[in-house]
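Please read the following note with the structure open beside it. Each numbered point takes up one topic and may be checked against the model in turn.

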Amino acid sequence: MTTSHEWFERARLVMPGGVNSPARAFKGVGAEPVFVTRGEGAFLETVGGHRLIDFIASWGALIFGHAEPEVVDALVAAVEAGTSFGVPTPGEVEYAEIVTRLVPSMEVVRMVNSGTEATAAAIRVARGVTGRDVVVKFEGCYHGHADAFLVKAGSGLATFGEPDSPGVPTGTAGDTRVVAFNDLDAVEVALAPGDVAAVIIEGVVGNMGVVPPDAGFLEGIRALCDRHGSLLILDEVMTGFRVAPGGVQERWSITPDLTCLGKIVAGGTAAAVYGGRADLMRHVAPDGAIYQAGTLAGNPLAVAAGLATLRRLERDPGLHERLEEAGARLEAAVTVALEQNRIRGTVQRVGAMLTLFFGVEKVRNWDDASRLDREMFSRFHAAALRRGVLLPPSPFEAWFLMEAHLGDPLERAIEGVVASLEEIA
């Protein structure tokens with residue numbers, strides 16, 4: 001088989017929608033998915049041999065690029081020593097030490113296998129410690145596919161136009177209160193009854209497109225949580241090590257009670273981390289009674305890839321400044337192209353993640369994002385793909401910059417994106 005279409009037809013026979021995650025289905029742009037065979041630096045190679053400049057970056061999990069040599073070498077060494085033992089390893093200790101060093105609010109941490117596991121476990125800790133059941137989340141924020149979070153979520157659910165998911169028990173959904181992002185008054189109303197275990201938030205939303213917090217919004221939530229005895233859980237699965245070396249909490253000087261990390265923290269492998277204040281995390285088994293476990297949690301492969309990634313980030317404190325400059329260059333070029341071609345839209349960016357919204361002037365919350373022009377994005381996505389630029393196949397997703405984009409790949413990508421905007425105009 002030599003084409004993505006042929007592989008997709010085969011895949012649909014044995015997998016729901018032919019994919020292992022709805023975000024990969026390309027339904028959000030009315031197309032079929034691209035099947036790839038390898039990645040190198042800023043590029044992916046398709047089954048048909050085409051090279052694409054990649055801004056999906058494994059949905060933000062890659063900060064350096066595909067097949068980063070240090071990460072590959074670490075993984076090869078780990079595989080040769082054994083893939084899973086079921087007992088502790090020294091690498092797990094070193095990994096926990098570097099995470100707590102880079103993110104000081106995470107005094108004690110626990111590795112898991114996915115961002116969904118991390119957020120679900122953090123909610124369990126919050127409920128167990130506070131003795132409360134209710135969780136407050138924000139419309140358009142996506143925290144994984146655990147039942148408590150599939151209530152007016154973003155990302156793939158937004159792409160498919162579904163506010164929630166069948167199979168989520170009514171009672172579970174009833175313990176989740178949903179408020180609008182950037183609406184501090186609504187947060188105060190939600191917390192007022194005094195029954196909220198935790199507020200969970202993407203400090204910078206990435207799952208309805210990139211939406212930064214208004215000035216004072218995160219600080220206001222921190223103060224309200226303190227006043228009402230609720231915990232603040234910062235979901236940094238996407239933003240951790242991307243918008244700043246220490247994530248949103250460093251960039252906005254916010255100290256959460258619990259933090260969830262994923263994607264970059266695992267160096268492109270299947271792992272995530274949750275953690276926070278020591279007095280809270282000591283309630284987790286075996287120190288305490290709040291149970292959470294995983295056979296492959298802290299497995300040697302994820303630890304090796306994560307350690308290689310985080311150690312390199314520590315050695316290169318200038319990386320985020322270079323990514324910031326590259327992001328600003330891309331943002332400016334797209335903004336100018338929108339103006340020159342008289343296309344209504346806006347670019348929103350924080351650090352090395354950005355989104356181009358068609359048909360709206362500014363996006364502060366889900367109501368704003370839901371008004372974007374999906375049809376125009378679909379035409380733009382197809383035009384960019386024809387020019388060798390692979391963008392996330394949904395108008396509600398972030399584009400991710402990697403170190404490998406810096407230089408010629410970024411300039412080529414900008415040329416392709418600008419030409420695509422001219423075409424759809």
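The points below concern confidence, three individual residues, a pocket and the cavities.

1. Confidence. The model is predicted, and the mean pLDDT of the protein is 94. Of its residues, 96% reach 70 or more. The stretch of residues 154-163 should be read with this in mind, since there the pLDDT is below 50. Beyond near neighbours in sequence, this stretch has 25 contacts in the model.

2. Glutamine 348: position. Is glutamine 348 buried or exposed? Its relative accessible area is 9%, and because buried means under 20%, glutamine 348 counts as buried. The residue belongs to strand 11, which covers residues 345-350.

3. Glutamine 348: surroundings. Two polar atom pairs deserve attention here. A polar atom of the side chain of glutamine 348 lies 2.8 Å from the backbone oxygen of valine 210. The side chain of glutamine 348 also reaches the backbone nitrogen of valine 363, at 2.7 Å. When residues up to four places away in sequence are not counted, glutamine 348 touches Val210, Val211, Pro212, Met353, Leu354, Thr355, Phe357, Lys362 and Val363. Valine 210 and valine 363 thus appear both in the polar pairs and in the list of residues touched.

4. Valine 179. This residue is found in strand 6, residues 176-179. With a relative accessible area of 8%, valine 179 is buried. Which residues are in contact with valine 179, leaving aside its neighbours within four places in sequence? They are Val136, Lys137, Phe138, Glu139, Ala186, Val187 and Ala190. A separate comparison concerns aspartate 195: valine 179 and aspartate 195 are 16 residues apart in sequence, and their C-alpha atoms are 16 Å apart in space.

5. Arginine 312. The place of this residue is in helix 12, which runs over residues 300-315. A student may ask why arginine 312 counts as buried. The reason is its relative accessibility of 14%, given that the limit for a buried residue is under 20%. Not counting residues up to four places away in sequence, arginine 312 touches Phe64, Glu68, Glu70 and Glu403.

6. The second largest pocket. The volume of this pocket is about 790 Å³. Its lining is made up of 32 residues, and those closest to its centre are Glu92, Val109, Arg110, Met111 and Ala297. Two elements give two or more residues to this lining: helix 4 (90-102) and strand 4 (108-112). Helix 4 gives the most, with 5 residues. By class, the lining of the pocket has 18 nonpolar, 9 polar and 5 charged residues.

7. The cavities. How many cavities of 30 Å³ or more does the structure hold? There are 2. The second largest cavity contains about 30 Å³ of space, and its lining consists of Ile201, Leu218, Ile221, Arg222, Leu232, Leu234 and Ile254. Helix 9 (217-228) and strand 8 (231-236) each supply at least two of these residues. The largest share, 3 residues, comes from helix 9. By class, this lining divides into 6 nonpolar, no polar and 1 charged.

Note on methods: Residues numbered from 1 in each chain as written. Predicted model: local features only at pLDDT ≥ 70, side-chain atom pairs only at ≥ 80, totals over all residues. Heavy atoms only, no water. pLDDT = per-residue confidence, 0-100. Contact = heavy atoms within 4.5 Å. Helix = DSSP H or I, 4+ residues; strand = E, 2+ residues; numbered from the N terminus. Buried < 20%, exposed > 50% of the residue type's maximum accessible area, 1.4 Å probe, protein only. Polar contact = N/O pair within 3.5 Å; in protein donor to acceptor, adjacent residues only side chain to side chain. 1 Å grid on protein atoms, 1.4 Å probe; cavity = no way out; pocket = protein on both sides within 12 Å on 5 of 7 lines; lining within 4 Å. Points joined across faces, edges and corners; volume = space filled by probe spheres on them. Nonpolar A, V, L, I, M, F, W, Y, C, P; charged D, E, K, R; others polar.
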